[in-house]
Amino acid sequence: MKHTEIKTLGQLVKSGYQSKKIKDELRDNLRENIKAGKDSFEGVWGYEDSVIPELERAILSRHNINLLGLRGQAKTRLARLMVNLLDEWIPVVEGSEINDDPMLPMSRYALELIAEKGDDTPISWLHREDRFYEKLATPDVTVADLIGDVDPIKAANLKLSYADDRVIHFGMIPRANRCIFVINELPDLQARIQVSLFNILQEGDIQIRGFKLRLPLDLQFVFTANPEDYTNRGSIVTPLKDRIGSQILTHYPEDIETARKITEQEAKLDARQSESIYVPSLAKDLLEQVSFEARESEYVDAKSGVSARTSITAFENLLSTAERRTLLNGADTTMVRLSDFTGIIPAITGKIELVYEGEQEGADGVAEILIDDAVKSLFPQYFPKINKLERKDEETVYDELLHWFFQGEGFELLDDFTDEEYKRALDSIPALNQLIKDHQPEYPEKDVYFLKELLLWGLVSHKKLNKQRFTDGYEFKDLYSSFLKGI
């Protein structure tokens, strides 16, 4: 018999339905997925050999879970994906506030209804998508919000005494019975509120205004938190930690390839952007490298972390910068340029917390430094390394290009150059073309102009050329010619 045909308790019993605790649902379905080689946490990259095996072990152990990590490490996403491990449909006593199992009723409402109607007790079905509850822990959260309180209006309407348990208004946790309940940023929950969770986690009973209700709530708790040494707003009280079965440490992507997958998956792009703007592979690598540099930067507070959202929003800004140029030029298509990376600065400045030295540089200044550092890190993968110390009169492969700048008045790349003007400007430097031909002869022709820009920016980051930002573009000049020429 299909679940849609089962409308009463009698039909449910006749169908042979067996009640199952939520942690057993998760465990049994995970076992089936593992045996079938199915990915239970699809779309989460970089955790295949670290976080996900630990999470699967915690589910198999029927543990409540604390995901501990810096911001932007997919903690909430992992919790939401656990919904897919639940059974698709479960029966509940129709009208129950706390999703009573018809076979194991526990609320006064469900017990009285079943006593009155027996096998004719109406039941409804709850889909797994509706079995996820989430609460962001903030200092103003109360015990009444989470667990419940006495409702004077209900007492007045029903003409009941405050001593009657029917006057109780249940909070979020009892209403999430037989569901996954997530509390985000657990340390921000006041200590006295954390204490109210002790009995629910361990003994299964709840206390509301003197009522001691033995409600064996069936919940899968998932908590998320930043490391305690980062937040000064609070911490997880020790007895609560003791009641959480598994604490799992999350982390940032460990390589650019993984970071790229996350950014491309999560970036919210207009279809017209994807169709009209070409993004060189090197541009995607450089964008991710900026976040990697930020996580190691002396100017950025490492304890606060650099969220994966930094790269995601930066990628959206990067394409919007290129899109704006096409609209201004009346063009249909364009390609991302390295000079477009100016457009990602607002996405960086809002997502990094600076230490004292960073505050001295200014948020915009730090963002520009991070982009230059990213260029410097990727440069040796494409061109000969530039040594920090060189012998006097030592010849390098860059001498001809540097001489071109020394002899000339400089070179400008304006933000709103058309693609033709942009290519013409870069092609006008013979030594630049020769370096590409000598060191990257097989490089894709479509991407070669971005590589030319990387070469120029790389020479700047190694203090071989000077780069200046004007209102409408960049100017590249010889490092010392202005002094020698008396300008």
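In this predicted model, the lining of the second largest cavity comprises one nonpolar, four polar and three charged residues. The volume of this second largest cavity is about 30 Å³, and the residues around the space are Arg325, Thr326, Asn329, Ala331, Thr334, Arg337, Thr418 and Asp419. Helix α15 supplies the largest share of this lining, with three residues.

A search of the whole structure for cavities of 30 Å³ or more returns two. The largest cavity holds about 60 Å³ of space, and its lining is formed by Pro253, Ala259, Ile262, Thr263, Glu288, Ser291, Phe292, Arg295, Ala308 and Ser311. Two or more residues of this lining come from each of α12, α14 (281-296) and α15, and among the contributing elements α14 gives the most, namely four residues. By class, the lining of the largest cavity divides into five nonpolar, three polar and two charged residues.

The largest pocket encloses about 660 Å³ of space. It is lined by 31 residues, of which Gly72, Gln73, Ala74, Arg77 and Arg309 are the closest to the pocket centre. The elements that contribute two or more residues to the lining of the largest pocket are α4 (75-81), β4 (132-136), α12 (256-266) and α15 (308-329). Of the elements, α15 provides the largest share of the pocket lining, with five residues. The lining of the largest pocket is made up of 10 nonpolar, 11 polar and 10 charged residues. Helix α15 thus recurs in the description of these spaces, since this helix is listed for the largest pocket, for the largest cavity and for the second largest cavity.

Strand β4, which is one of the elements lining the largest pocket, also belongs to an open sheet of five strands, arranged in the order β4-β7-β10-β1-β11 with parallel pairing. The edges of the sheet are occupied by β4 and β11 (246-249), each of which has a single partner strand, so that one side of each is left without a neighbour in the sheet. From one strand to the next, the twist averages 20 degrees. In general, the strands of a sheet pair through backbone hydrogen bonds, in either a parallel or an antiparallel sense.

The individual pairings can be followed across the sheet from β4. This edge strand pairs with β7 (residues 179-184) in the parallel sense over five bridges, and within this pairing Lys135 stands opposite Ile183 in β7. Strand β7 in turn pairs with β10 in the parallel sense, again over five bridges, with Val182 placed opposite Val222 in β10. On the other side of β10, the pairing between β1 and β10 is likewise parallel and extends over four bridges, and here Leu68 stands opposite Ala225 in β10.

How many of the residues of β10 are buried? Seven of the seven residues of this strand are buried, and β10 is therefore largely enclosed by the rest of the structure. Both faces of the strand are covered, because residues are buried, that is, under 20% relative accessible area, on one side at Leu219, Phe221, Phe223 and Ala225 and on the other at Gln220, Val222 and Thr224.

Two helices are found lying across strands of this sheet. Helix α2 (residues 22-36) lies across β7 and β10 (219-225), and runs at about 80 degrees to β10. Helix α3 (residues 51-60), by contrast, lies across β1 (65-68) and β11, and runs at about 170 degrees to β11.

Towards the start of the chain, Gln11 is placed in helix α1 (residues 9-14). This residue counts as partly exposed, because its relative accessibility is 29%, a value between the limits of 20% for buried and 50% for exposed residues. When residues up to four places away in sequence are not counted, Gln11 touches Glu5 and Ile6. The C-alpha atom of Gln11 is separated by 73 Å from that of Phe417, a residue that lies 406 residues apart from Gln11 along the chain.

Note on methods. Residues are numbered from 1 along each chain as its sequence is written. This is a predicted model: local features need pLDDT of at least 70, side-chain atom pairs count only at pLDDT 80 or more; totals for chains, interfaces and linings use all residues. Side-chain values use heavy atoms; hydrogens and water are left out. On a 1 Å grid over the protein atoms alone, a cavity is a set of points where a 1.4 Å probe fits but cannot get out, and a pocket is an open set with protein on both sides within 12 Å along at least five of seven lines; lining residues have an atom within 4 Å of a point. Grid points are joined across faces, edges and corners, and a volume is the space filled by probe spheres set on the points. Ala, Val, Leu, Ile, Met, Phe, Trp, Tyr, Cys and Pro count as nonpolar, Asp, Glu, Lys and Arg as charged, and the others, Gly among them, as polar. Buried means under 20% relative accessible area, exposed over 50%, partly exposed in between (1.4 Å probe, protein chains only). Contact means heavy atoms within 4.5 Å. Two strands pair if DSSP finds at least two bridges between them. Axes are lines fitted to C-alpha atoms, for helices over the stretch in contact, and angles run from 0 to 180 degrees between N-to-C directions.
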